[in-house]
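User: Could you take a close look at one part of this model for me, the surroundings of the ligand and the odd backbone spots? A plain walk-through would be great.

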Amino acid sequence: MNYHENDITTEQLSRKFYHFAELQAIGHSPLYEKICYGIAADNDVLHLSGYALVGQPIPNILLASVHYLLLKGAQHPLAAYYPDVSEAARPFDDVYPVFHDFCLQFRDEIKQQVAVRLTQTNETGRCALLLPVFNMVAERAKKPLALIEVGTSAGLNLLWDQYGYRYSDGQTLGISDASLVLQSEVRGDQHPPIPASFPVVASRVGIDINPLDLHDPENALWLRALVWPDDLARAKQLQNAINIAQKHSLELIKGDALEILPRVLENVPTDSVPCVFHSYVLNQFSPENRERFYELLQELAAQRDLYCIGIEHIGAHVKTEVKLAAFEGGVRSDTVMAYCHDHGKWIEWIAG
Ligand SMILES: C[S@@+](CC[C@H](N)C(=O)[O-])C[C@H]1O[C@@H](n2cnc3c(N)ncnc32)[C@H](O)[C@@H]1O
């Protein structure tokens, strides 16, 4: 069978879930590993997953849609298998028939979610990677930062100076009065340059094709649903960050970054330095738009100096890189500042 929406066959869908179990869930989520092997052989559930928007990672969308309904209070025995839904979660060896039953019983609700949702996981752990580079930019430009986050999701990483930081080499920042402290292991010979105080932020703007305003509890629930149900530490960190964000009012602009960025940059006053940043976003751009994004920055840098920090894992790179592209005097220079864990659990600073 071919699905109109995704132009994808049942066999291709099955392979996606099989690969998800084999390559992504293994070692990280025993629950999702078990469930995805089950889905790979279950035409009813594969059919439901085929309604995902074109270009979205189908297993993530289906799993998060089910998780969302459970977090929202759907009454079904499946809830007892999800550690972040039921306090004393059951062992999950026999979870699959229960998962299948949930999908049939809540077929319409799942379809409604799958057909509109985007993967917008917002990971605050990445702020431990951004902090030393934000500080370098502020020192280099000798100006407050005008932060512009591309692919901001709910904007949690724009609030990086509201969090505390504890690095395994003993460096800390802001931990005494933070309700969320991010921890990162320092690997390698060098210490990431952590300042004694946060650099000054003049402004913060997030751009996203679908910004998630966390004052709407539905959006907070979707972000929680994207975190795997057996990663309780990550769920707690996210909830802490959501609580902080709900006390702030962020400027989040809806639209394609390639269209919005020029206008946002034009509005940055000259007494601050534009610092664009993006993490786990460019993988959602087409290869042409990825190239266009940096061309656009180069064009905009003809007017003024600007900086762009990128944390991306695209293609066959062995490690995720934290990169700084500096556009100074119209000339671009790229430096790999660090290698890192995808969620900031470790950082290997290499930039000297
Ligand atoms: C995986 S999330 C990452 C969120 C955040 N940067 C982080 O690291 O936690 C990717 C985000 O990029 C957004 N996005 C994808 N393509 C975009 C585009 N062309 N313009 C603006 N945002 C985009 C998605 O909507 C999504 O919220």
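Analyst: One cut-off first: a residue counts as buried if 20 or more other C-beta atoms lie within 10 Å of its own. Keep in mind that this is a predicted model.

Let's start at the ligand. It is surrounded by 22 residues, and the closest are Gln120, Gly151, Ser153, Ala257 and Ser279. Sorted by class, that shell has 8 nonpolar, 10 polar and 4 charged residues.

Ser153 deserves a second glance. Its phi is positive, about 60 degrees, although serine 153 is not a glycine. You'll find serine 153 in the loop between strand E1 (145-150) and strand E2 (164-167). Serine 153 has 26 C-beta neighbours inside 10 Å, so it counts as buried.

Now for Ser279, also listed among the closest residues to the ligand. Strand E7 covers 273-279, and the loop between E7 and helix H11 (287-300) holds tyrosine 280. Tyrosine 280 isn't a glycine either, yet has a positive phi of about 55 degrees. With 22 other C-beta atoms within 10 Å, tyrosine 280 is buried.

If you also want some helix packing, try H4 (residues 58-71) and H6 (residues 107-114): they pack at an angle of about 125 degrees, with axes 9 Å apart. That angle makes H4 oblique to H6, and their crossing is right-handed. On the H4 side the contact includes Ile61, Leu62 and Val66, while H6 brings in Glu109, Ile110, Gln113 and Val114. By class, the contact has 7 nonpolar, 2 polar and 1 charged residues.

Terms used:
Residues are numbered from 1 along each chain as its sequence is written. This is a predicted model: local features need pLDDT of at least 70, side-chain atom pairs count only at pLDDT 80 or more; totals for chains, interfaces and linings use all residues. Axes are lines fitted to C-alpha atoms, for helices over the stretch in contact, and angles run from 0 to 180 degrees between N-to-C directions. Helices (H or I, at least four residues) and strands (E, at least two) are DSSP runs, numbered from the N terminus. Angles under 35 degrees count as roughly parallel, over 145 as roughly antiparallel, 65 to 115 as roughly perpendicular and the rest as oblique. A crossing is left-handed if the near helix is turned anticlockwise from the far one by less than a right angle, and right-handed if clockwise. Two residues are in contact if their C-beta atoms, placed from the backbone, lie within 7 Å. Ala, Val, Leu, Ile, Met, Phe, Trp, Tyr, Cys and Pro count as nonpolar, Asp, Glu, Lys and Arg as charged, and the others, Gly among them, as polar. A residue is near a molecule or strand if its C-beta atom, placed from the backbone, lies within 6 Å of it. A residue is buried if 20 or more other C-beta atoms lie within 10 Å of its own, exposed if 12 or fewer, and partly exposed in between; C-beta atoms are placed from the backbone.
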